[in-house]
Amino acid sequence: MARNLLGRYIWLIDTIRRYGSLKRDQLNRLWMRSPYSDGEPLPRRTFYNYRAAIEELFSITIECNPATYEYYIASGDDRQEGVTDWLLNSAAMSNVLSTVSDVSDRIFLEDVPSARMYLSQVVSALREHRAVHFTYRPYTRSTPTTGVIVEPYFLKIFRQRWYLTGRNAIDGKVKTYALDRMEDVTIGDDTFTPDPTFDAESYVRDTFGIVFSQGEPKEVALRTDPRQAKYFRALPLHHSQREAIHDSYSIFYYRLRLTPDFVQELLSLGPKVTVISPPELRAMVRSSLRETLALYDDPTDQGQGMSGTPAR
């Protein structure tokens, strides 16, 4: 097998994307300067094999313009491109990390615990329209719920955790479950027919995280200082983000449902971000802040543990 095939595929995709379109001779010159070529051009048959593999692995099609003989990447819909970009980023990271054993003690990663155990099973169930059977241990209860059966509608990753949303076959309601709180996962033998009226894209469109409220989305305005504005530009809170830049601050606008996880996100940003509107979101943030301050305003609480001894 050729050395580092995955790295070669990623290099080819990134190079064509970066230039927009390239003729074979242009691509060859760039290839010969890459770390994968050993100074040799990319053989035509190998190039065609790589194109086929890239389409199979990443659903990315490298087309050729018959008028100019230039190669380019055919565009897909926004959802497909988003998934493809995520796959490419993951593959690129995996490719790089596989070569860094000598400095592994100086590379620190965030764990994604739910991806190890059951992600591949759930993806198969999603693809084949089969129900997922499992035991669930929510953080809000001390005892697990057994015999959960869910017809999977979609998967979403949020804060380094995978979540499955689907129709609970017992009560008929659409619910969301964290994969890392599942146990004893099995896939049913029978297939189900997805609800034709359910649109996953619409379901998540106006939501910040994984709390899918059915309330009406609101127009949200946040005021930030110039430094925080740079973070929002680099990593938007939501795809609906718009910015109005002023002399000493920026105002960011969103269309979102007001959910507890969005409120927690705003609180985590501290005093650099102020909610301007809507009034109900300001009230939710104010209420949460009061509850937090009340924990520190109690004169009898001096950092004592539950038994009266100093907390450690």
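The charged end of arginine 223 sits over the ring of tyrosine 249, at 3.7 Å from the ring's centre. This comes from a predicted model. Arginine 223 also has a place in a strand pairing: its bridge partner in E11 is isoleucine 251. A second arginine is placed over a ring as well. Arginine 181 lies over the face of tyrosine 139, 3.9 Å from the ring centre.

**Around strand E11**

Strand E9 covers residues 218-224 and is joined to E11 by seven bridges. The two strands run antiparallel. Strand E10, residues 242-245, is joined to E11 by four bridges, and this pairing is antiparallel too. E10 and E11 make a hairpin, with four residues between them. Within that pairing, glutamate 243 stands opposite phenylalanine 252 of E11.

Is E11 enclosed or open? Five of its seven residues are buried, so E11 is largely enclosed by the rest of the structure. Phenylalanine 252 is itself buried, at 0% relative accessibility.

**Aromatic pairs**

The structure holds 17 aromatic pairs. A pair of rings is described by two values, the distance of the centres and the angle of the planes. The table gives two of these pairs.

| Pair | Centre to centre | Angle between planes | Type |
|---|---|---|---|
| Phenylalanine 47 and tyrosine 71 | 4.9 Å | 85 degrees | edge-to-face |
| Phenylalanine 232 and phenylalanine 252 | 5.1 Å | 80 degrees | edge-to-face |

The pair of phenylalanine 47 and tyrosine 71 links distant parts of the chain. Phenylalanine 47 is in helix H3 (residues 44-58), tyrosine 71 is in strand E3, and 24 residues separate them. Phenylalanine 47 has 0% relative accessibility, so it counts as buried. Tyrosine 71 counts as buried too, at 5%.

The other pair brings us back to E11. Phenylalanine 232 lies in helix H8 (residues 226-234), while phenylalanine 252 lies in strand E11 (residues 250-256). The pair therefore ties together parts that are 20 residues apart in sequence. Phenylalanine 232 is buried, with a relative accessible area of 2%.

Aromatic residues also group in a larger set. Tyr153, Phe154, Phe198, Tyr203 and Phe212 form one aromatic cluster.

**The three-stranded sheet**

Strand E3, home of tyrosine 71, belongs to an open sheet of three strands. Their order is E1-E3-E2, with antiparallel pairing. Why do E1 and E2 each have one side without a neighbour in the sheet? Strand E1 (22-23) and strand E2 (62-65) stand at the edges, and each has a single partner strand, so one side of each is left without a neighbour.

Four bridges join E2 to E3, which covers residues 70-73. These two strands run antiparallel. One of the matched positions is glutamate 63, whose bridge partner in E3 is tyrosine 72.

**Helices H1 and H3**

Which helix lies across E1, E2 and E3? Helix H1, residues 5-19, does so. H1 runs at about 100 degrees to E3.

Helix H3 holds phenylalanine 47. Alanine 53 has its place in H3 as well. Alanine 53 is buried, with a relative accessible area of 15%, and the cut-off for buried is under 20%. The C-alpha atom of alanine 53 is 8.0 Å from that of tyrosine 9. Along the chain, alanine 53 and tyrosine 9 are 44 residues apart.

Definitions and conventions. Residues numbered from 1 in each chain as written. Predicted model: local features only at pLDDT ≥ 70, side-chain atom pairs only at ≥ 80, totals over all residues. Heavy atoms only, no water. Pairing = 2+ DSSP bridges. Contact = heavy atoms within 4.5 Å. Axes fitted to C-alpha atoms, helices over the stretch in contact; angles between N-to-C directions. Phe/Tyr/Trp six-rings, centres within 6.5 Å; stacked < 30°, edge-to-face > 60°. Buried < 20%, exposed > 50% of the residue type's maximum accessible area, 1.4 Å probe, protein only. Lys NZ or Arg CZ within 6 Å of the ring centre and 35° of its normal.
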